[in-house]
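Work through these short exercises with the sequence and the model side by side. Try each task before reading its solution.

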Amino acid sequence: MQKKRKCQKSNTEKLIEENQKRQLAKLEKREEERWNNLSLSIEKEIKGNLNSGVGRLEDFLQTCPVKSVKLIAEMVGLEACFKSWMEYCLKPEAESKDVNIIIQMMKRIHVIHDKYSELLQNSHRQKLAKYLKYVGFDNLAHSLCPQVKESITEKDISKYSVCVGAARFQLTHMGPYLFREERSDPDPRVHHFIPDTWQRELLDVVDNNESAVIVAPTSSGKTYASYYCMEKVLRESDEGVVVYVAPTKALVNQVVGTVCNLFNKALPKGLAVCGVFTRDYRHDTFNCQILVTVPQCFEILLLSPHSQKWVKRIRYVIFDEVHCLGGEIGAEVWEHLLVMIRCPFLALSATISNPEDLTEWLVLIKRYWQDVESTMEDSGASQNAMKHLKKQQSKRIEKPSYRVRLVRYQERYNDLEKYVCSIKDNDFVIEHYHPCGALTVNHVKKYGIPLDLGLSPRESILLYDAMVHVWPEGSRMQELEPEEFSYFKNKVVILRADARKYEEELKKEMIRWIQLDPDKVDQLLKYLKPQTFDSAEIEKRRMFPCFVEKLKEMNRLPAIFFSFNIHSVEYEALKVFINLIKKQNADKYPNSERRRKNLEKKLQKARKSQKRDFAAVLNSGSNAINQRIILRTAEISEIKKNLKKHTEVSPDCTYTDRASVDDQTFRKIVHRIRRTRRYHILCRLLRRGIGYHHGSMEYKERQVVEMLFRMGHVKARCPNSGCQLHGRPFSLCWLWEKVLVVNLPQSRCFSAQGPQVVTATSSLALGINMPCKSVVFMEDSVYLDALNFRQMSGRAGRRGEDLIGSVFFYDVPLPKIERLLKSNVPKLKGQFPLSISLILRLTLLVAKADDKEDAKAKALSVLQHSLMSFKQPRIKCMLKFYFIYSLQFLATEGYLDEECIPRGHSGLVSHLHYHEPANFVLVSFLEKCLFHKLCTPMNIDGPKKFSEDVMETLVVVLAHLFGRRYLPPCVEKYKKCSHSAVILDDLPEDFAAVVEEHNNRIQRNFGSFLLTVSKLADMRKEYQLPLSGIDFSDKACEDSALVSHLMPGLESRTAVSPFACLSGTTDQDLSDITVVNDAMLRTLSVNVKDIPLLQLKKYDKNGRKCPLNGYALNFYKHGSLSALTSDNWLNMGDALNSIRDFTLVIQAIRVSLSELCDDEDDNVVLAFKQLSEAFCTKFWKEKRC
């Protein structure tokens, strides 16, 4: 019976196999027929138009599932390319040969040899060998098929040769097409593509509930692990939460859109898949499974005693752009998050120079949490019930692992090539900048070659040729000759890994040259430098629109044009737009504009007549009127046709991609910004394929530019960095007016496609998905450093669309370019992690959290495991002293009792922690009853109202605390010309006295702290100059007569820098906060900004007072954002953001005071309520305008 069943099973399998064979045969036959129908036309098109014909061939190959048919198609395409080459070489003008045909031939040969090797027959190999021999690659022909016909003599085929070796040709012309070593085995966890080995490791990390630091270039695919992690948590249960931490609100919005498109899950009522939490917007924060937020808001959740139950639901945290950990602003918040989370995490970045150190630090933190977990589990019999519950939960949810992996991938999908632009004789000279040209002998000796200084295959050949030119008799020159190099020799298909090996050997040889003959290397590096021509900055600005035209001619759009000045971003975009309008008007006939206006009048008149005829036909219904309507309709159609000729924009006068976005989609997208202030101007720019993008734009405006650019509509854009602007910005009003009044066709006559030119700031470089073909650095800036350069240039080169990414330096000096290319990204060392407000928040967490042990563990993790003190015992000890100093301050000021339990106004201070030290000064005002003295209502009976004088004084006080924006000293001469509040009034005397008293206390205490921790300084380093390292600690320096003269007397100098002592500074001077940063011991790593001191006055380097901007008071008085742009030196975006932030602060104070005060009729509470309502009303009214 069993034998019979086995036989039956065997027969079933045979039937299935036979059925599959029949289906495959049918499919093969069908595909052969489809190819036979297309082959002749494709072959003919390849001969007539190479790119178009090859494009059609590629389309067929992508849709054909049968390998045998694909091989036939590839062979036909190869033969067509070969015949085209032969015909081309026989033309008399083919002396300087166009190698594009050979590139297509070699692409086909690579594919055939690599992808279909198991199907190749001897006849196929003979054909391939024949083609290779004809183009001059004899060595490849012989290695492929030794029996290649010897009847082909050199004389017969010399005219078809490219006269270049096979290896050199592939490296020089086929670098973007070289195959990578990709895996062919699919992964069942991924359905849309075959992941690489390093990507599979990321999936393993998530499957094992581990943590990982992921360092990989932009567009390499590292973000995929984030969405796989989200999918895993969604699949496990309805309770688990994934938190995605993004550095900017723009990136938050992008991630939210992606998550909403990717995931859809049926959840119980009240729960949501995705939630958002930013400072000014929150949605489904506590009832979602995927929360997208910014670091500051996530820190609020982690430190809030009321959120701890929700925090325990977190299964994974994803940190995007984690290199922000090394920034100067907000870096400590990223650090707090990393040390406080107990769950696994993924930390993503493209620019970390020391990921090993970061991973080691994170491993230490995970060990700490592992010890905490084991301690809590073994804490006693009372935990038995908890253990039982955890065992039940572990059946559904895997226990988190404490392992931290480093996953590093350095290979960019697209190579980047750099170019320097200069102007000569009113024309552009664009020179390729070889990366090695930025190096110097001293730099290589001291630091080596930067790890990320990669070369494209073409640049490797250029480096070899330069080495041969400088030192032809070099010992390894013959070995490194491309045709003789071991990885290339007689190799039909050179792989990307082979080219990388060649690059490494060239770099090794260059380093060896430095040891043998540094002068040769100096000659080599100078030889590789580009030739540039000096031109005035004003000339380059004038020619910028022409440069955009040049990029269009070179087919280098879409492009992002980076600047660090918001005004430049908008100004240059408008200049490009006006240049297109001038170009369009120049191409028109002289009377074209007059004819257009006449046609519009005729069209309007004809429509009115048609409307009357329609009304008449409804009343009478006569045939004569019907006939007239038909004639009128035909007339209107003819007028529209003629009008279109005069209003149509030629392709030369726009940067839109006409195939990317249809008019209906464009209108639907742009409709979202119809209520914004810049709608009409931005819409006209977008219709021409131009956009701009910076942090001060409204969110919807940025979103529209991003959407259209991703869809291929906008080709050029300029982002800015949101940096502080110095000096009075030039007015853009005249330019905006020029755009609005310029003679343009009506918007209905434009064909709407996506912009391909965008000017932008560095905010666009932080993870926003806006890849492009080219990146242009428009100008130099102090903010353009190695990190920003790599972040911005990483946008260039769209995977799957561009063969190579291009980076252009337009108005950046050559020495600065050299520094950008050869400088390594700064190492992550951490910033000062503590503040007095943070310590108060930690005490609040410990005091009010339900799970005291967990809260204590969080607080200790922050205090003990800072990145700054990692492997730095002196710094760790200093932070302990700072903690004690902070506790003493908080207790002295009344925020903590004797047992360090928060009391009084500690909740208000914590609520305004991001405004330290203003939060502490505000409490001082409240405790001195200054607000109660100020806030006297006008009426006693009925609802209390406060006079405008009271409200304006309250605004002045709050602006000194929470709205501090400085103006340059020269603004004083403009004050008399304006009726607005340009300069903020001085703080009232009684308020200023409290601030002065607060500052004096702080300075005395902080001076004592510095004296205490001075013993922790590394005095050996203190006696060394920071950059050169020259040591002055020897006996000769101590006995110097000059030193004795400069430092007379016996005053104590134990806590002051030895170099500052030469200026007569002593320990007593440390109580003066203005000299602390210059005088204190630098190895203590303490800064003035780490103490809660509010300086009321600021002076420039010439000793002139810098007044405070009165924008808040001006807005309260007039309720106009436009007045802030014209009088207060703010652009519209900054004005909008500043007033919104100020309004949010007033609301926060109002809420906190309402919670603290039991009396609902308290004058201060009511005054803040009135002020808050006034600001909210005026702000939202202006925003809607």
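Buried means under 20% relative accessible area, exposed means over 50%, and partly exposed lies in between (1.4 Å probe, protein chains only). Strands (E, at least two residues) and helices (H or I, at least four) are DSSP runs, numbered from the N terminus. The model is predicted: local features need pLDDT of at least 70, and side-chain atom pairs count only at pLDDT 80 or more, while totals for chains, interfaces and linings use all residues. Residues are numbered from 1 along each chain as its sequence is written, and side-chain values use heavy atoms, without hydrogens and water.

**Exercise 1.** Find out why strand S3 is largely enclosed by the rest of the structure.

*Solution.* Locate residues 272-278, which make up S3. Seven of the seven are buried, so S3 is largely enclosed.

**Exercise 2.** Find the strands that pair with S3 (pairing needs at least two DSSP bridges between two strands).

*Solution.* Start with S5, residues 288-293: S3 and S5 pair in the parallel sense over five bridges. Here cysteine 274 stands opposite isoleucine 290. Next take S4, residues 281-283, which runs antiparallel to S3 with three bridges. Phenylalanine 277 stands opposite arginine 282 in S4. Finally, look at the link: two residues lie between S3 and S4, and the two strands form a hairpin.

**Exercise 3.** Place arginine 672 and aspartate 1161, and decide whether each is buried or exposed.

*Solution.* Arginine 672 sits in the loop between helix H26 (663-670) and helix H27 (679-687). Its relative accessibility is 36%, so arginine 672 counts as partly exposed. Aspartate 1161 is in the loop between helices H48 (1132-1156) and H49 (1163-1184). At 48%, aspartate 1161 also counts as partly exposed.

Note on methods:
Pairing = 2+ DSSP bridges.
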